[in-house]
Amino acid sequence: MSYALITGASRGIGLAIAAELARRKYNLLLVARSGDQLQKLAQQLAADHNVKVDSLAVDLSDAVAPQQVINWCKTNKYDVSVLVNNAGYGLSGQFEQYSLTDNLAMMQVNMTSLVQLTQLFLPELRRQSRGYILNIASSTAYQALPGMSLYAATKVFVLNFSRGLHHELAGTSVSVTCISPGATDTGFNDRAQINQKARDAAKKITMTPDDVAQQAVAAMLAGKAEVITGGINKLGAFAAWL
Ligand code: NJP
């Protein structure tokens, strides 16, 4: 079996997707910044699922990181048939409170690295008998989100880029799926420092990362264009909390 490469695999939804793919006997390539954590997870996933797992510590806010990722795959002769663009984070609060440097770093991780990795890996995916791209957008891509304006905009980008590419590649051996999770119990909201009222409300509708991962991988393998986990009605409530 060839390899599935997952960005943001050190915890949360990315780790759950990695485990779900391992359960389906994909070998894994785990990518994130936390190298020690990735190595521990690689050992555990390999032992639990009897698959090959390797990891690479890179910072995807660095524009050269995607090239480092593909160089690593080429050097090690890893055939990649699944690319999961999951790494991402949210800055919350007023747009003006963040520096341009902070905002550009989030845009690099959430959007530009995703585009770079997609561009770099597409020829490799086309060489496989079947290739998949799974992009993680967000429930916030479907509505204006005061308090997380730029984060939500990066996810609109991911959603519409994925939709377009899905149609461009229709009829080829590569399919593109975009999943938009609703609130998921990963600690994302704590790290984004979303206000307590919103965090408390989110807890009431939160899914587990495993739920999201199962739906995401099933949709990807079925070649679906777009899936929202959590439900659109619940999304409407989210904007009002911020
Ligand atoms: O987030 P979290 P989730 N370079 O914080 C990695 C979207 N989403 O699993 O680098 C490389 O637990 C980070 O690893 P590390 C969300 O926008 C979520 O909840 O070691 N990697 C970690 O593995 C995101 O796109 C919810 O710190 C970087 C991972 O990314 C995706 O789902 C709702 C990095 C983040 O794990 C996963 O989110 C929704 C960098 N510079 C969409 N920065 C939700 N949780 O409620 C971060 O609609 N990472």
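**Close-up views of the ligand site and the cavities**

**View 1. Polar contacts hold our attention first, starting with Tyr151.** In the side chain of Tyr151, an N or O atom sits 2.6 Å from an oxygen atom of the ligand. Please keep in mind as you look around that this is a predicted model. The side chain of Ser10 also takes part, with an N or O atom 2.8 Å from an oxygen atom of the ligand. Thr184 joins in through its backbone, where an N or O atom is 2.8 Å from an oxygen atom of the ligand. How much of the ligand's accessible area does the protein cover? On its own the ligand has 900 Å² of accessible area, and the protein covers 97% of this.

**View 2. The ligand takes up the space of the largest pocket.** Helix 1 (12-23), helix 5 and helix 6 (188-191) are the elements that each give two or more residues to the shell around the ligand. In total, 30 residues surround the ligand. The closest of them are Arg33, Ser34, Tyr151, Pro181 and Thr186. Sorted by class, the shell has 13 nonpolar, twelve polar and five charged residues.

**View 3. The largest cavity has a volume of about 70 Å³.** Two elements, helix 4 (100-127) and helix 5 (149-168), give two or more residues to the lining of this cavity. Helix 5 provides the largest share, three residues. If you would like landmarks, the lining includes Leu91, Phe95, Tyr98, Asn103 and Met106. Further along the sequence, Gly147, Met148, Ser149, Leu150 and Tyr151 are also among the lining residues. Tyr151 is a residue to recognise here, since its side chain also has the N or O atom that lies 2.6 Å from a ligand oxygen. By class, the lining of the largest cavity has seven nonpolar and five polar residues, with no charged ones.

**View 4. The second largest cavity holds about 50 Å³ of space.** Which helix gives the most to the lining of this cavity? That is helix 4, with five residues. Among the lining residues you can find Val109, Asn110, Ser113, Leu114 and Leu117. Thr7, Leu60, Asn85, Asn86 and Ala87 line the second largest cavity too. Nonpolar and polar residues number five each in this lining, and no charged residue is present. To round off the tour, the model has two cavities of 30 Å³ or more.

Conventions
Residues numbered from 1 in each chain as written. Predicted model: local features only at pLDDT ≥ 70, side-chain atom pairs only at ≥ 80, totals over all residues. Heavy atoms only, no water. 1 Å grid on protein atoms, 1.4 Å probe; cavity = no way out; pocket = protein on both sides within 12 Å on 5 of 7 lines; lining within 4 Å. Points joined across faces, edges and corners; volume = space filled by probe spheres on them. Helix = DSSP H or I, 4+ residues; strand = E, 2+ residues; numbered from the N terminus. Nonpolar A, V, L, I, M, F, W, Y, C, P; charged D, E, K, R; others polar. Near = heavy atom within 4 Å. Polar contact = N/O pair within 3.5 Å; in protein donor to acceptor, adjacent residues only side chain to side chain. Areas by Shrake-Rupley, 256 points an atom, 1.4 Å probe, with all protein chains shown as cover. Sits in = over half its atoms within 2 Å of the grid points.
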